[in-house]
Amino acid sequence: MRLDCKSKTVVALLIALLIPALAHAAEAQFNIYYSGTEDLVLSRMMLDPSTHRVTNLGDAATAVYQDNLPAVGPELEALKARVASGMGAVLILGRHTDPAALASFTNGAVKQTGIVDVSHGSAHGQELEHIAAVVNWVGPKGDTLARNISWLSAVRVHERSLLDVNGAEVLVKTNPRDPVRPGTPILLRIHSGKGAVYVLNEWLRNGDQSARTASMLTMLEGIEGAENYDFQRWPYFNWLLYGLSRTAAGVPVVSYGDWIASPVPNRAQVRILAAIFLAMFAMFVGAYLIVRRYSLRHPELLEHFYRSTPSAKPQPASLGAAAAASAPATSATAHGDPRWEIVGFHRPLSGFFYNYLLSLIIMIPLNFAVTFYIERNFVNPFLEARGAWAAVTQFMLIFFTLLDLGTSQAMVKYFAEYRLTDPGRAITYAQFFIWFHALAGMFQIAALGLAAAAWLPHTPVAYLAWFVVLHTLIQFPGFISIFFNLFRALQRFDYAQLLIVLTYVLNPVVQMICGVYMRHWGLMHPVFGEGMGVVFGFAIGGVIANLLMGLFCSIFYEKMGFNLVTIFLAHFDRATIKKSIVYGVKLTGGQAAVAVSWGLVPVFMAILLPDFLELNEIFLLTFAFSFGYLETGAYIFTTLMPSISESYSQAKMALTRRYLDQGLRWGIMVASMLGGTFIAFSDVFIKGLLPPQFVRAATVMWLMHLWRLADFTTRLPDQVFQGVGRTGTFTWTSLLEHVSRVVLTWYFLQRYGFEGVFYAFLISSVLRSIVAWPLMGYLVAWPSLSIWQTLVNPALAAVGNYVILRSFALARWQGPGHAGSGWVVVLLSLVGSLPIYMFLSGLLGWDDASLAEFRDAAELVPAPFGAVARMAHRVVQIGSSMSPLNNRFPGKLVKEAADDAAELTALKAELH
């Protein structure tokens with residue numbers, strides 16, 4: 001992929017900012033004596049320019065031994081004497097550490113009794129997961145190492161030694177869930193005479209990195225021969241080595257936020273960022289003032305919504321004329337299939353089934369292949385880096401939701417509202433949206449970015465400072481979403497859908513290209529490392545993708561015949577601003593509740609859980625994996641909302657209740673069909689197609705499936721409340737769910753650990769459902785439930801579908817390491833779930849009315865999925881014809897609902 005000049009400039013500027021400036025106060029020279037099996041530790045310690053290596057032990061302030069402690073003898077005795085006289089020592093254990101020498105050097109305070117290691121080979125990654133252990137800081141809270149390092153962010157330890165301790169101070173140890181020996185010491189401190197000794201019990205080996213630095217493709221294949229490579233990527237790893245060497249010698253340390261080799265913005269970089277951000281903000285303000293003055297001088301430009309182009313076909317005189325333009329002459333071309341003009345459930349069902357087939361055949365497999373398989377196996381397989389970036393994304397959503405102030409929805413509402421009656425005013429709402437988001441976007445980039453750069457380096461989450469800065473830049477220029485919202489307001493859903501698909505494809509591709517490049521950059525810049533480098537790449541890719549989307553949107557906008565300049569003018573007045581803000585603020589409360597509950601999850605995890613970065617990625621992996629089947633199944637409620645609004649507003653309660661029943665039925669059918677399929681291959685997907693470090697997701701996947709079930713039950717009342725105009729009821733039920741989720745998450749994380757977040761999500765959704773369903777029933781209507789058709793039939797068909805696909809998965813999958821058989825199971829299960837489920841559902845009995853609705857809906861599904869929809873209907877029909885239960889459990893209010901639908905159809909005004 002070729003980057004344009006602007007994109008290259010963006011990349012070059014961001015990379016330049018990430019290169020540490022040499023603007024720190026110089027430290028006095030610090031001498032170390034180093035002896036190790038490789039230069040990993042030495043190279044990291046030399047990142048600090050004050051570090052100086054000496055060859056004479058007598059000249060060293062601290063001696064560092066990486067898996068190379070002298071054997072018992074004169075050399076070891078000389079080392080002990082130097083420590084007793086005041087020299088510091090740092091011992092890093094490894095597979096070659098001599099147990100006798102370790103016991104002698106520590107005077108029996110530390111004894112090695114065994115090792116925790118696995119063999120190298122094709123199953124090395126899987127075996128590492130069997131020995132991985134979470135670590136906890138257990139030393140004094142006021143210790144220098146505790147104040148400068150966020151130990152809750154520490155990654156798991158793998159290769160290590162088993163130690164007996166007698167007299168040494170344990171600072172870090174494995175937690176009670178250590179699969180080998182709980183409480184294994186990982187970092188110890190021993191005082192010997194006037195000196196201090198630190199023992200780091202994490203085997204460290206960098207492996208041969210020459211081929212990886214020479215080739216990006218080789219880099220993506222992973223690293224062979226490394227030990228505790230996750231620990232080497234930890235943002236605090238370099239400072240830990242620095243801190244151990246200095247405190248061992250009794251020398252004061254520079255804090256993590258001020259240390260020259262910390263991956264955080266330093267003072268010089270903060271000044272550069274401030275100059276750039278403030279200049280950009282001033283530029284936008286200046287541009288607004290110029291455009292505003294020009295717009296007020298030329299109010300006639302507000303009428304030039306369409307661009308002037310020579311064409312045989314005359315353009316509408318104005319936006320209002322375009323909206324009111326007459327339709328084509330013939331009724332057939334105006335309306336297409338006449339069934340679209342007949343009120344009934346077949347219309348929302350057709351749209352729903354089209355979306356389901358689009359997801360089943362294209363979107364879900366594409367997501368599995370790109371976002372899950374390629375990205376997590378090759379581009380960014382680092383749990384801690386993914387979890388850190390996700391935590392920033394989750395938390396920043398709070399600010400972005402608040403700063404939007406609901407103006408996006410306000411623009412769509414008022415643009416559509418005034419398009420016919422006052423087209424000039426309609427355009428002013430689009431103009432206000434653009435300038436509000438341009439200025440607010442630059443404000444949030446400047447304010448949030450500078451706050452993160454200046455303040456975060458001196459907090460327990462200092463390592464996230466650059467992530468926050470870069471995440472704010474993704475919002476630039478802030479108003480790209482105007483095009484998507486305009487297409488919605490203009491009812492050009494073809495362009496809106498195209499933009500969604502384009503975003504779905506463009507963003508990950510651009511981000512992965514930049515991610516690979518920056519991962520390689522991080523490999524060659526150990527201050528940041530591969531993990532932070534790939535995240536920087538994804539952030540830079542997000543900026544570039546955002547700009548490219550703006551370019552493509554502008555092209556689409558021009559292709560529609562609109563004048564791009566008009567919407568970037570500034571004719572809006574105080575009334576426009578007031579109506580947009582007042583309307584938006586009312587929506588912001590409910591939206592903010594969702595954003596706050598979502599954004600506080602990583603915050604609570606950071607406060608309460610060790611290894612929270614990796615755990616956050618595990619949580620989001622289960623969330624993203626299950627997202628497809630839940631949202632696909634619940635989409636029926638979204639397509640049903642206009643139909644419910646229509647029938648309810650006309651007091652057609654039989655039709656409304658029938659809509660609710662059939663919507664619930666089809667939602668259950670598709671959600672349970674896909675959900676059962678996903679459950680059938682969940683472990684195959686996670687263990688067979690993802691790297692071993694993600695396998696922990698398989699142990700909690702069942703909890704996520706349970707929450708998805710509870711979450712599904714909240715979706716129908718939500719759409720009903722919005723469809724009938726009870727937005728206040730919707731807001732209160734939303735607040736109930738998300739406020740309770742925040743409280744429960746804090747409580748359950750303390751009580752149950754990582755699993756507690758799933759319990760909180762589950763209980764809060766159940767609580768909302770318990771309240772929302774009775775409110776829907778009493779305030780709006782109850783579904784006309786046919787227990788068998790709506791609940792029992794879908795449930796039994798789902799169980800049968802699961803049993804068949806699970807049996808197939810167990811028989812066909814060849815186990816971890818066999819990606820080919822894993823893909824066969826996943827793809828064939830997805831494709832096979834539709835005919836299998838539909839046939840089983842047919843065998844369990846349908847009624848003629850439901851079959852007729854399904855037939856009409858299937859025949860309305862457009863190409864290329866129409867043939868698949870008709871096949872699904874035919875499968876159900878065959879199963880029903882074979883079933884003794886056919887028409888045994890007919891739906892309720894079928895005739896009454898049909899009469900209501902016929903009356904509404906007759907009342908509809910024919911549109912020409």
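Biologist: Let me fix terms before we start: buried means under 20% relative accessible area, exposed means over 50%, and partly exposed is in between (1.4 Å probe, protein chains only). With that, is Leu893 buried, exposed or partly exposed?

Modeller: Leu893 counts as partly exposed because its relative accessible area is 24%. This is a predicted model, in which local features need pLDDT of at least 70 and side-chain atom pairs count only at pLDDT 80 or more, while totals for chains, interfaces and linings use all residues. Residues are numbered from 1 along each chain as its sequence is written, and side-chain values use heavy atoms, with hydrogens and water left out.

Biologist: Where is Leu893 found, and what is its phi?

Modeller: Leu893 sits in the loop between helix H32 (866-882) and H33, where helices (H or I, at least four residues) and strands (E, at least two) are DSSP runs numbered from the N terminus. Its phi is positive, about 60°, although Leu893 is not a glycine.

Biologist: And Ala898, which helix is that in?

Modeller: Ala898 belongs to helix H33 (residues 894-907), and it is partly exposed because its relative accessible area is 43%. Its C-alpha atom is separated by 7.7 Å from that of Gly344, although the two residues are 554 residues apart along the chain.

Biologist: Stepping back, how many helices and strands does the protein chain have, and what share of its residues is buried?

Modeller: The protein chain has 33 helices and 10 strands, and 58% of its 912 residues count as buried. It exposes about 36,300 Å², with carbon and sulfur atoms supplying 64% of that; the areas come from the Shrake-Rupley method with a 1.4 Å probe, and for residues only the protein chains shown count as cover. Among contacts (heavy atoms within 4.5 Å) with a separation of 6 or more, 78% are between residues 24 or more positions apart.

Biologist: Which residues have the most contacts inside the largest nonpolar core?

Modeller: They are Phe353, Phe368, Trp666 and Met838, in a core of 219 residues, where a nonpolar core is a set of buried Ala, Val, Leu, Ile, Met, Phe, Trp, Tyr and Cys residues joined through side-chain atoms within 4.5 Å. Helix H25 (residues 653-689) gives this core its largest share, 17 residues. Another core, of 26 residues, lies apart from it and includes Leu79, Ala89, Phe105 and Val197.

Biologist: What is Trp666 in contact with?

Modeller: Once its neighbours within four places in sequence are left aside, Trp666 is in contact with Phe345, Leu349, Phe352, Phe353, Ile636, Met838, Trp846 and Phe854.

Biologist: Where is the kink in helix H24 centred?

Modeller: The kink in H24 (residues 612-649) is centred on Phe627 and comes to about 40°, the bend at a residue being the angle between axes fitted to the seven residues ending there and the seven starting there. H24 is mostly covered, with 27 of its 38 residues buried, and just after H24 comes Ala651, which takes a positive phi of about 60°.

Biologist: Switching to the sheet, in what order do the strands come?

Modeller: The order is S2-S1-S3-S4-S10-S9-S8-S6, an open sheet of 8 strands with mixed pairing, and two strands pair if DSSP finds at least two bridges between them. Strand S2 (51-54) and strand S6 (135-137) are the edge strands, each pairing on one side only, and neighbouring strands are turned by 20° against each other on average, direction ignored.

Biologist: How do the edge strands pair, in the parallel or the antiparallel sense?

Modeller: S6 pairs with strand S8 (residues 169-174) in the antiparallel sense over 3 bridges, and the bridge partner of Trp137 in S8 is Val172. S2 pairs with S1 in the parallel sense over 4 bridges, with Ile32 opposite Arg53 in S2.

Biologist: Which strands does helix H3 touch, and which does helix H10 lie across?

Modeller: Helix H3 (residues 74-84) touches strand S3 (62-66), strand S4 (88-92), strand S9 (185-192) and strand S10 (195-200), with its direction at about 120° to that of S10. Helix H10 (residues 237-248) lies across strand S1 (30-36), S2, S3, S4, S9 and S10, running at about 145° to S4. For these angles, axes are lines fitted to C-alpha atoms, for helices over the stretch in contact, and values run from 0 to 180 degrees between N-to-C directions.

Biologist: Last one, is Ser150 buried or exposed?

Modeller: Ser150 is buried because its relative accessible area is 13%. It lies in the loop between helix H6 (144-148) and strand S7 (160-165), and, its neighbours within four places in sequence left aside, Ser150 is in contact with Trp234, Tyr236, Pro460 and Tyr463.
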